[in-house]
Amino acid sequence: MNVYDSERMAEILAPLGYAPGDDPEDADMVILNTCHIREKASDKVYSELGRLRKTKDRRAEEGSPMVIAVAGCVAQAEGEEMLRRAPYVDIVLGPQTYHRLPEMVARAHRAGAEAPGQRGVLDTEFPADSKFDHLPERQQANAVSAFLSIQEGCDKFCTFCVVPYTRGAEFSRPVAQVLEEARQLAAGGVRELTLLGQNVNAYHGVDEADREIGLGVLVERLAALDGVARIRYTTSHPRDVDDALIAAHENVGALMPFLHLPVQSGSDRILEAMNRGHDVAQYLDIVARLRAARPDLALSCDFIVGFPGESDADFEATLDLVRAVGFTMAYSFKYSSRPGTPAAGMPRQVPENIKDERLARLQALLEEQQQAFNADTVGRTFDVLFERAGRHPGQLVGRSPYNQAVHVATTEYQVGDIAKVAIDSCKPHSLEGHIVGSGSAHPREESEERLSA
Ligand code: SAH
Ligand code: SF4
């Protein structure tokens with residue numbers, strides 16, 4: 001979501017004459033868009049700011065001042081404190097106020113000109129009106145695949161998580177607004193949409209007539225738009241998987257058979273302490289229902305090891321769940337204590353060395369499953385959406401329905417095209433294949449062929 005937010009910040013600053021640059025050393029403004037989810041991400045912000053301060057000082061001496069802004073969830077969480085700790089920062093803004101960036105930049109320039117050294121601009125409100133009502137049209141030059149934020153914030157309050165405090169309460173964007181942004185993206189050549197939200201499947205229509213519309217129906221509507229060939233969504237929560245969403249997996253060919261469905265732990269006791277709102281049996285049941293609807297569905301996941309009180313047996317239960325489900329890909333993290341969250345104050349915090357051990361064991365198992373999945377794709381035929389030119393002349397790189405990078409030699413197809421590709425070999429991070437025909441707009445037929453074969 002930070003990638004999406006950064007793109008939108010660039011779009012809103014474009015009319016002021018700003019364009020993304022490559023090197024902070026000669027930028028007129030640097031915006032750090034920050035993540036607060038784990039301590040490590042948060043800590044990076046201040047070390048990065050330390051480096052930027054030197055650049056800013058040098059630039060001031062040279063008479064070409066630089067503006068430093070800090071956006072995102074660390075800025076939201078620290079607020080005033082950030083301006084105290086790093087007084088050379090000009091602007092501190094949260095994830096829900098970046099539509100006001102032009103005004104903040106103007107204020108920062110005024111402050112710099114009229115009262116050098118004055119305290120920076122702070123805007124970490126949760127405004128009543130949505131930033132989405134104020135952002136300009138999308139300008140996705142040359143992108144084949146794009147993010148589209150449809151839902152933000154969270155009301156679930158898992159005991160380890162800062163998101164409800166930094167991104168704010170759960171809200172969805174109106175259906176018409178989402179469809180309009182999708183149309184703009186498709187008109188610019190985008191063929192694949194990844195719908196984003198902290199709990200993207202908690203999505204619901206906003207206007208009176210749309211209240212009953214959830215993610216499943218939204219996906220159907222998006223799939224009907226001209227140019228939209230592929231749809232993905234992330235991150236979904238097991239509690240918000242409803243029948244309409246499962247039906248979309250069954251019926252909407254453009255919806256890719258690949259789902260990120262985090263479970264965090266395979267122990268009922270830990271799931272309860274995390275306040276996840278479901279147990280292992282419920283998770284397995286959801287997976288079974290999804291797979292019944294879409295037998296070629298592949299799953300990816302998030303895990304936390306070393307949550308306070310996690311015993312060896314709890315951790316073994318997580319490994320059991322991984323073996324039972326089989327994941328194509330996963331992100332796994334050591335529990336990171338976040339200030340202000342209930343879990344931070346829980347007894348029986350797990351020592352770092354045990355977290356390290358558990359993470360290594362879990363990742364070895366997940367890696368094994370991922371490699372086995374990749375190897376199993378050799379000999380299969382997929383629709384591949386080409387995203388960019390490869391390193392070698394005459395080579396294109398695209399994505400399989402499972403988001404694997406696929407390298408293909410072709411002069412016939414171009415970036416943005418979909419072709420049927422037979423997979424010949426598998427490397428650790430990519431597949432290689434050859435073209436066997438033009439792709440269907442929707443890869444559903446291929447899956448059916450494979451299943452009946
Ligand atoms: N809403 C999504 C997750 C959003 S946060 C969900 O509930 O599934 C993204 C991931 O970061 C989480 O799935 C979790 O695995 C990880 N994460 C969040 N807080 C964490 C913490 N305090 N320590 C370690 N990992 C954390
Ligand atoms: Fe955080 Fe996800 Fe839990 Fe919300 S549902 S509190 S975003 S982990």
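Author: Rings of Phe, Tyr and Trp (its six-membered ring) form an aromatic pair if their centres lie within 6.5 Å; planes under 30 degrees apart are stacked, over 60 edge-to-face, and the rest tilted. In this predicted model, local features need pLDDT of at least 70 and side-chain atom pairs pLDDT 80 or more, whereas totals for chains, interfaces and linings use all residues. Side-chain values use heavy atoms, without hydrogens and water, residues are numbered from 1 along each chain as written, and chains are lettered from A and ligands numbered from 1 in written order.

Reader: How many aromatic pairs does a search of the whole structure find?

Author: A pair is described by the distance of the ring centres and the angle of the planes. The search of the whole structure yields eight pairs. In one of them, Phe 132 and Phe 171, the centres are 6.3 Å apart and the planes stand at 50 degrees, so this pair is tilted. Phe 132 belongs to the loop between β4 (121–123) and β5 (145–149) and Phe 171 to strand β7 (residues 171–172), so the pair ties together parts 39 residues apart in sequence. Strands (E, at least two residues) and helices (H or I, at least four) are DSSP runs numbered from the N terminus.

Reader: What is the mean pLDDT of the chain?

Author: On this scale of predictor's confidence per residue, from 0 to 100, the chain has a mean of 93, and 96% of its residues reach 70 or more. Over residues 443–453 the pLDDT is below 50, and this stretch has 16 contacts (heavy atoms within 4.5 Å) beyond near neighbours in sequence.

Reader: Which residues surround ligand 2?

Author: With a cut-off of 4 Å between a heavy atom and the molecule, the residues around ligand 2 are Cys 154, Lys 156, Phe 157, Cys 158, Phe 160, Cys 161, Val 163, Pro 164, Asn 199, His 237 and Arg 276. Seven of this shell are nonpolar, two polar and two charged (Ala, Val, Leu, Ile, Met, Phe, Trp, Tyr, Cys and Pro are nonpolar, Asp, Glu, Lys and Arg charged, the others, Gly among them, polar).

Reader: Where in the backbone does a cis peptide bond occur?

Author: Thr 234 and Thr 235 are joined by such a bond, with omega about 0 degrees. Thr 235 sits in the loop between β9 (230–234) and α9 (243–251).

Reader: What is the phi of Gln 264?

Author: Although Gln 264 is not a glycine, its phi is positive, at about 75 degrees. Gln 264 is found in the loop between β10 (258–260) and α10 (268–273).
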